[in-house]
Amino acid sequence: MAFYVYILRCADGSYYTGHTDDLERRIAQHEAGEIPGCYTHAKRPLKLVFSQDFSSRDAALESERQIKRWSRAKKQALADHDWGRLRGLARNRQPLTEVRGSTGSPRTDLLKGSPRMELKHGEPQMAPVRGEPVEPQADAEDVDEHWMRHALALADRAERDDDEIPVGAVIVDAQGAIVGEGWNRNISEHDPSAHAEIVAMRVAGANRRNHRLLGCTLYVTLEPCAMCAMAMVHARIARVVYAAADPKTGAAGSVFDLLADPRHNHRVEVSGGVLAGEAGARLKAYFRRKRGKRKPGA
Ligand SMILES: [Zn+2]
């Protein structure tokens, strides 16, 4: 099931950001003014200027929250697919007070029974953009956080669906499209190598019909172990971004430093600590829960 984040441009030039699991139906509801109390009710006609699909509601919600914090100018740049302008705006972050009031968040002071504006026929209403929400260089911090939130949502699935250690990984190509994703499946697959990164690399290799994942960035919620780090070197992954460091088995600098070892003929660029707090909290809660089960009443 897919979940969408979308941006509508309203008749007065303002933007409305929302999320849904049924994009076409939700857009039709906005256009018909069928969503009670919604900001868009009095702001029609509307135009869908951006949409992106996610594999989980959590990931879509995080992306929606992130975009809602953006200034109107930044949303406009995203709607126009103007990555250069987006990059410039990202460097000059606007204070929150300027962002507020221009985010198109729902209002309650809507006019009841306002004349309904007809949608212009012939004008394209749907402009879905799949798998490329922001150009990778648009704003490195925003992009890394965006994909790490996706990986965190996959980590949640590891715990929720399989009762595995919550680690998630997603691989994104140079164009910003997802080529593989996965989460820890050691216990359920009876497979000591089924770490989230390996699962994601297997999917990516199959998708690209290539054992080399040139130009790809791998996002993972926990610092890779030695096995995964070496698999990344073999796969020629360009960059690894991880969240929480692993002081016991981490191979991206904590215990070993395999990704940057000059003796390999391929080196992987590494960024650590992106949303580390959120990833660490999930791991701590998981292990606390496990310990609690083993020692009832302790
Ligand atoms: Zn590993």
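Helices here are DSSP runs of H or I at least four residues long, numbered from the N terminus. With that in hand, let's walk through this predicted model, starting with one residue: Arg 26 is found in helix H1. Is Arg 26 buried or partly exposed? A residue needs 20 or more other C-beta atoms within 10 Å of its own to be buried, and Arg 26 has 19, so it ends up partly exposed. Its C-alpha atom sits 9.9 Å from that of Tyr 6, and the two residues are 20 apart along the chain.

What does H1 lie against? Helix H1, residues 23-32, lies across strands S1, S2 and S3, running at about 30° to S1. Helix H3 (residues 72-79) also packs on the sheet and touches S1, S2 and S3, but its direction makes about 110° with that of S1.

Now for the sheet itself. It is open, has three strands in the order S2-S1-S3, and pairs them antiparallel. That leaves S2 (15-20) and S3 (47-54) as the edge strands, each pairing on one side only. From one strand to the next, the twist averages 15°.

Follow the chain from S1 into S2 and you go round a hairpin with five residues between the strands; in the turn, Gly 13 has a positive phi of about 90°. Six bridges hold S1 (residues 3-9) and S2 together as an antiparallel pair. To find the register, look for Arg 9 opposite Tyr 15 in S2, then for Tyr 4, whose bridge partner in S2 is Thr 20.

S2 is an edge strand, yet how many of its six residues are buried? Six of the six are, so S2 is largely enclosed by the rest of the structure. Both faces are covered: Tyr 15, Thr 17 and His 19 are buried on one side, and Tyr 16, Gly 18 and Thr 20 on the other.

Two helices further along have their own buried residues. Helix H2 (residues 57-68) has 12 residues and reaches 16 Å from its first C-alpha to its last, close to the 16 Å expected at 1.5 Å a residue. Its buried residues are Ala 59, Ala 60, Glu 62, Ser 63, Glu 64 and Ile 67. In H3, the buried residues are Lys 74, Lys 75, Gln 76, Ala 77 and Leu 78. After H3 comes His 81, with a positive phi near 60°.

Further down the chain, head for the largest nonpolar core. It has 72 residues, and those with the most contacts inside it are Ala 151, Val 170, Ile 171 and Leu 218. Helix H6 (residues 140-162) gives the most to this core, with nine residues. Val 170 is a good place to look around: leaving out residues up to four places away in sequence, it touches Trp 147, His 150, Ala 151, Leu 154, Ile 178, Glu 181, Ala 200 and Tyr 219.

The last stop is a set of parallel strands. S6 (residues 217-222) and S7 run parallel and are joined by five bridges, with Thr 217 partnered by Arg 239 in S7. Between S6 and S7 the chain crosses through helix H9 (residues 226-235), and this β-α-β crossover is right-handed. S7 also pairs with S8 (residues 269-271) in the parallel sense, over three bridges; here Val 240 has Val 270 as its bridge partner. S7 itself (residues 239-244) is mostly covered, with five of its six residues buried.

Conventions: Residues numbered from 1 in each chain as written. Predicted model: local features only at pLDDT ≥ 70, side-chain atom pairs only at ≥ 80, totals over all residues. Pairing = 2+ DSSP bridges. Helix = DSSP H or I, 4+ residues; strand = E, 2+ residues; numbered from the N terminus. Axes fitted to C-alpha atoms, helices over the stretch in contact; angles between N-to-C directions. Contact = placed C-beta atoms within 7 Å. Expected span 1.5 Å × (residues − 1). Buried ≥ 20, exposed ≤ 12 C-beta atoms within 10 Å, placed from the backbone. Core = buried A, V, L, I, M, F, W, Y, C linked by C-beta atoms within 7 Å. Right-handed = clockwise from strand over helix to strand, strands pointing away.
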